[in-house]
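Student: I have a sequence and a model open side by side, and I would like to learn how to read them. Could you take me through it?

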Amino acid sequence: MPIRVLPALLIDQIAAGEVIERPASVVKELAENALDAGATHLEIEVEGGGVDLIRVSDDGHGIEGSELARALERHATSKITSADDLARVASLGFRGEALPSIASVSRFSLISRTSDAPQAAAIEVDGGAPGTVRPTTHRPGTTAEARDLFYNVPARRKFLRSAATELAHVRRAVLRLALARPEVSFALASHGRALMTVAGAGDRAACEARLAALLGEDFLAHALYLEHSASGLKLSGWLGAPTAAQSQSEHQYTVVNGRVVRDRLLASAARQGYHDVLFHGLQPAYVLYLELDPGQVDVNAHPAKLELRFRDGGLVHSFVSRSVAQALAATRPTAIGPGPARGSFVPTAAAATEPDRSGPPPRSLAGALDWTVLASRPSPAPPVPPLGYALAQLHATYVLSETADGLAVVDMHAAHERVIYERLKAEAAAGPVPRQSLLVPITIEVEEAEAEAALEHAEALADFGLVLNRIGPSTIALREVPVAFPDRDLGGLLRGALRELAERGHTERISAGTDRILATLACHAAVRSQRVLTVPEMNALLREMERTDRADQCNHGRPTWVRVTMPELDRLFLRGR
Ligand code: ADP
Ligand code: MG
């Protein structure tokens with residue numbers, strides 16, 4: 001075949017292949033145009049999951065009648081003019097590809113009016129050939145309409161799923177945009193039936209109400225607000241409590257300069273921020289907003305702009321992971337505390353009505369907010385400490401404690417483990433742990449792999465106060481031990497720690513590896529369940545927990561304590577009904 005330049009329509013359809021995968025992509029592109037036009041109200045209507053009809057109306061600045069045809073041309077955009085602009089894009093669009101692409105694979109029309117124009121102008125495109133611009137009526141703003149998506153691209157049409165599935169994708173696309181732009185109101189309807197309606201939110205309380213509507217009350221009930229700026233970066237948003245993490249979470253959203261992105265670096269930074277408090281394999285929920293100078297990020301890395309590239313990825317990664325970790329460090333017991341954890345024995349209806357509105361806020365997001373504030377406020381000591389006073393031990397596993405508003409049930413091993421872990425980390429950060437040498441070294445028989453792990457981690461172990469050497473293929477001598485744990489079964493502790501280190505292999509990075517060693521030591525040094533504690537010992541543990549960062553979860557992210565309030569107990573006994 002001879003070489004030839006492709007016809008314009010085919011070029012547009014090829015370009016459409018990159019940006020327009022399904023109805024949801026059309027919704028995304030049209031809604032992004034509306035947002036770029038400064039719209040404050042977006043109305044989105046679909047039929048047949050968006051295949052039959054997509055209509056997006058906005059109250060943005062509109063398009064001049066004289067420019068309407070140009071908006072449909074390939075590579076025509078009002079958003080950038082130079083490579084300089086491209087290097088610091090502040091708008092969602094900039095490629096000038098969406099409208100011609102959509103118009104080439106649907107029956108498309110565009111009606112628009114600027115605020116100072118006496119009337120609106122409309123243009124229709126059917127199969128790639130734009131008609132003539134004609135006057136019409138429309139309020140200031142723009143309405144774009146795409147019908148019969150892919151009617152002329154059978155190959156694409158074949159890949160569309162059922163209307164219900166496509167509608168679900170549309171919904172998700174609108175949800176993501178609504179999360180990205182809290183100040184804009186969104187209404188989504190299918191066949192005239194409202195599916196999602198959220199008003200623009202001006203302040204944090206309104207944002208939270210909106211988040212609850214978009215992501216569900218459950219997310220908010222366990223969320224922690226975060227806001228942190230440094231080095232020209234600002235991170236804000238909501239972190240799901242570690243104890244509310246799930247094995248799968250669809251609620252992981254990162255918004256960069258008003259654009260929802262699926263970015264590996266940010267996802268990894270968030271995960272690292274949670275690493276110390278998350279049960280293995282569980283996924284936290286979060287909505288995070290990162291703002292930075294547009295010049296610091298390249299948004300031209302993906303046709304649908306779902307991915308981006310940071311100029312200084314290392315800086316962004318450490319900023320995000322540290323901000324998240326710091327915010328989560330505030331999860332320590334307070335008078336309000338974490339409330340019943342997942343799988344709690346409190347009846348589910350209990351959370352819905354909290355009679356005492358004058359007292360500490362209920363477990364709403366607002367509660368979570370005040371809760372962090374309370375944790376750091378140097379207020380006069382409350383009459384009863386947050387975790388109250390120990391009453392008894394249950395089955396040598398749980399500590400029961402009377403609190404100001406009810407009962408606290410503490411998993412003593414999990415709680416002690418966290419307390420020790422945080423103490424070890426603080427000590428390790430301050431320098432090598434003080435240690436004492438043993439008159440008679442303790443010899444320990446281990447597996448060969450464990451002996452190797454001992455050698456490999458010898459330096460780190462010494463920093464934590466454990467000095468050892470290998471005296472046989474499977475024999476270790478422990479020569480010095482931490483001053484802080486003189487009376488523990490150190491042989492058993494070390495053997496357990498080495499077993500875990502050997503199992504985990506050698507792939508950990510140094511610092512993560514260090515935390516692992518500390519966590520392992522903490523787990524083995526913590527009181528085992530089945531040990532009987534005296535009341536003073538129990539109270540000492542409670543007071544330690546109140547002083548310890550992240551004390552609401554053990555090192556594996558399991559909750560360390562749950563709270564049962566008097567109203568919840570009353571409800572169990574049908575009191576006051
Ligand atoms: P891009 O968004 O990358 O600029 P598009 O093909 O999506 O390219 O849109 C082309 C141009 O049409 C935009 O640059 C903008 O000037 C104009 N436009 C599109 N939709 C709207 C709208 N809803 N309101 C105002 N202007 C719009
Ligand atoms: Mg666009």
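Tutor: Happy to; we will go from the whole chain to single residues, keeping in mind that this is a predicted model.

Student: Let's start with the overall picture: how many helices and strands does the protein have, and what share of its residues count as buried?

Tutor: The protein has 577 residues to sort. Its secondary structure comes to 19 helices and 23 strands. As for burial, the share of residues that count as buried is 50%.

Student: What percentage of the contacts with a separation of 6 or more comes from residues 24 or more positions apart?

Tutor: Here we look at contacts in the protein whose partners have a separation of 6 or more. Among those, the part made by residues 24 or more positions apart is 71%.

Student: Now a single helix, α18: how far does it reach from its first C-alpha to its last?

Tutor: Helix α18 covers residues 535-547, which is 13 residues. At 1.5 Å a residue, one would expect 18 Å. The model comes close to that, with a reach of 19 Å.

Student: Which elements do the buried residues of α18 pack against?

Tutor: Begin with the buried residues themselves: M538, N539, L541, L542, R543, M545 and E546. Their packing partners include one helix, α13 (412-430). The partners also include the strands β17 (389-394), β18 (398-403), β19 (406-411) and β23 (561-565).

Student: R543 and E546 are both charged, so which interaction do they form, and how far apart are the closest N and O atoms?

Tutor: R543 and E546 are 3 residues apart in helix α18, so about one helical turn separates them. Both R543 and E546 are buried. They form a salt bridge, and the closest N and O atoms lie at 2.9 Å.

Student: You mentioned α13 as a partner: are α13 and α18 parallel, perpendicular or oblique to each other?

Tutor: Two packed helices are described by the angle between their axes and the distance between the axes. Here the axes of α13 and α18 come within 10 Å and cross at roughly 50°. An angle between 35 and 65 degrees falls outside the parallel and perpendicular ranges, and α13 and α18 are therefore oblique.

Student: What is the handedness of that crossing, and which residues of α18 make the contact?

Tutor: α13 passes α18 in a left-handed crossing. On the α13 side, the contact is made by M412, A415, H416, V419 and R423. On the α18 side, the residues are L541, E544 and M545.

Student: How many salt bridges does the structure hold, and which residues are linked with E45 in a network?

Tutor: The structure holds 24 salt bridges. One of them joins E45 and R55, with the closest N and O atoms 3.0 Å apart. That pair links strand β1 (residues 41-47) to strand β2 (residues 53-58), with E45 and R55 10 residues apart in the chain. The network that includes E45 also holds R55, E145 and R147.

Student: Is R55 buried or exposed, and how far apart are the closest N and O atoms in its bridge with E145?

Tutor: The cut-off for buried is under 20% relative accessible area, so R55, at 19%, counts as buried. E145 is buried too, at 17%, whereas E45 is partly exposed at 30%. The closest N and O atoms of R55 and E145 are 2.8 Å apart.

Student: D148 and N257 caught my eye in the backbone: what is the sign of phi at each of them?

Tutor: Most residues other than glycine have a negative phi. D148, in the loop between β7 and α6 (154-158), has a phi of about 50°. N257 sits in the loop between β12 (252-256) and β13 (259-261), and its phi is about 45°. Neither D148 nor N257 is a glycine, and the sign at each is positive.

Student: One last residue, S190: which residues does it touch, leaving out those up to four places away in sequence?

Tutor: S190 lies in strand β8 (residues 185-190). Its relative accessibility is 10%, so S190 counts as buried. Leaving out residues up to four places away in sequence, S190 touches V46, L167 and L195.

Technical notes
Residues are numbered from 1 along each chain as its sequence is written. Chains are lettered from A and ligands numbered from 1 in the order in which they are written. This is a predicted model: local features need pLDDT of at least 70, side-chain atom pairs count only at pLDDT 80 or more; totals for chains, interfaces and linings use all residues. Side-chain values use heavy atoms; hydrogens and water are left out. Helices (H or I, at least four residues) and strands (E, at least two) are DSSP runs, numbered from the N terminus. The expected span of a helix is 1.5 Å times one less than its number of residues. Buried means under 20% relative accessible area, exposed over 50%, partly exposed in between (1.4 Å probe, protein chains only). Contact means heavy atoms within 4.5 Å. A salt bridge is a side-chain nitrogen of Lys or Arg within 4 Å of a carboxyl oxygen of Asp or Glu. Axes are lines fitted to C-alpha atoms, for helices over the stretch in contact, and angles run from 0 to 180 degrees between N-to-C directions. Angles under 35 degrees count as roughly parallel, over 145 as roughly antiparallel, 65 to 115 as roughly perpendicular and the rest as oblique. A crossing is left-handed if the near helix is turned anticlockwise from the far one by less than a right angle, and right-handed if clockwise.
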